[in-house]
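The following explanation is intended to be read beside the sequence and the three-dimensional view. Please keep both at hand while reading.

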Amino acid sequence: MKNSATSKKNLNQERRVGRPVAWVEVVGKDGERLRSFFCDLFGWETAEVAPGSHYGVMDASPHGIGGGIGPSQKGPGHVTFFVEVEDLEATLQDVERLGGKRTAGPITFPTSGPQRAVKGS
């Protein structure tokens, strides 16, 4: 039988691992400046998705995640992260139970299936 301290330690380790972040997006009023800033700061390399879009994507390194940096389509900008979950609808119900809101979606990506945006409380 495991002692209480060991069980708590194992549970805390499981919670820290959690669900993996699959993608991150950083957008703002000046997408080109954002790309330049983060690429210079962290040594990231991005590829523009379409000529003149000023939206660059980066591949995941062996120890990171992929993402995109560019201009916001509306508003001052934001950071969005996409998290892999086993059951999207159940997770969205948890978001609402915890005080968050569904804000967009579903958005279907060819390689990863449907996704929705949520906002924390």
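The paragraphs below proceed from the chain as a whole to individual residues.

This is a predicted model, in which local features require pLDDT of at least 70, side-chain atom pairs count only at pLDDT 80 or more, and totals for chains, interfaces and linings use all residues. Residues are numbered from 1 along each chain as its sequence is written, and side-chain values use heavy atoms, with hydrogens and water left out.

The secondary structure comprises three helices and seven strands; helices (H or I, at least four residues) and strands (E, at least two) are DSSP runs, numbered from the N terminus. Read from the N terminus, the order of elements is α-β-α-β-β-β-β-α-β-β. Of the 121 residues in the chain, 19% are buried, where buried means under 20% relative accessible area, exposed over 50%, and partly exposed in between (1.4 Å probe, protein chains only). The chain exposes about 9200 Å², of which carbon and sulfur atoms supply 55%; these areas come from the Shrake-Rupley method with a 1.4 Å probe. Among contacts (heavy atoms within 4.5 Å) between residues at least 6 apart in sequence, 48% join residues at least 24 apart.

Attention may now turn to a charged residue in strand S1 (residues 21–28), namely Glu25. Glu25 is buried but has no salt bridge, a term reserved for a side-chain nitrogen of Lys or Arg within 4 Å of a carboxyl oxygen of Asp or Glu. The nearest side chain of opposite charge is that of Arg35, 12 Å away; for this purpose Lys and Arg count as positive and Asp and Glu as negative, while His and the chain ends are not counted. Which side chain makes a polar contact with that of Glu25? The partner is Tyr55, at 2.6 Å. A polar contact is a pair of N or O atoms within 3.5 Å; within protein, one must be able to donate a hydrogen and the other to accept it, and residues adjacent in sequence count only if both atoms are side-chain atoms. Leaving aside residues up to four places away in sequence, Glu25 touches Tyr55, Gly68, His78, Val79 and Thr80.

Arg35 itself is found in helix H2 and is buried, with a relative accessible area of 11%. Its side chain makes a polar contact of 2.9 Å with the side chain of Thr46. Beyond residues up to four places away in sequence, Arg35 touches residues including His54 and Tyr55. His54 lies in the loop between strand S2 (47–48) and strand S3 (56–58), and its phi is positive, near 60 degrees. Most residues other than glycine have a negative phi.

Helix H2 (residues 31–42) also carries Phe38 and Phe42, four residues apart, about one turn of the helix. Phe38 counts as buried at 18% relative accessibility, whereas Phe42 is partly exposed at 48%. Phe38 and Trp44 form a stacked aromatic pair, 5.9 Å centre to centre with 15 degrees between the planes. Rings of Phe, Tyr and Trp (its six-membered ring) pair if their centres lie within 6.5 Å; planes under 30 degrees apart count as stacked, over 60 as edge-to-face and the rest as tilted. Phe37, Phe38, Phe42 and Trp44 form one aromatic cluster.

Finally, at the start of helix H3 (residues 88–97), a side-chain oxygen of Asp87 reaches to within 3.3 Å of the backbone nitrogen of Glu89. Just after H3, Gly99 takes a positive phi of about 100 degrees.
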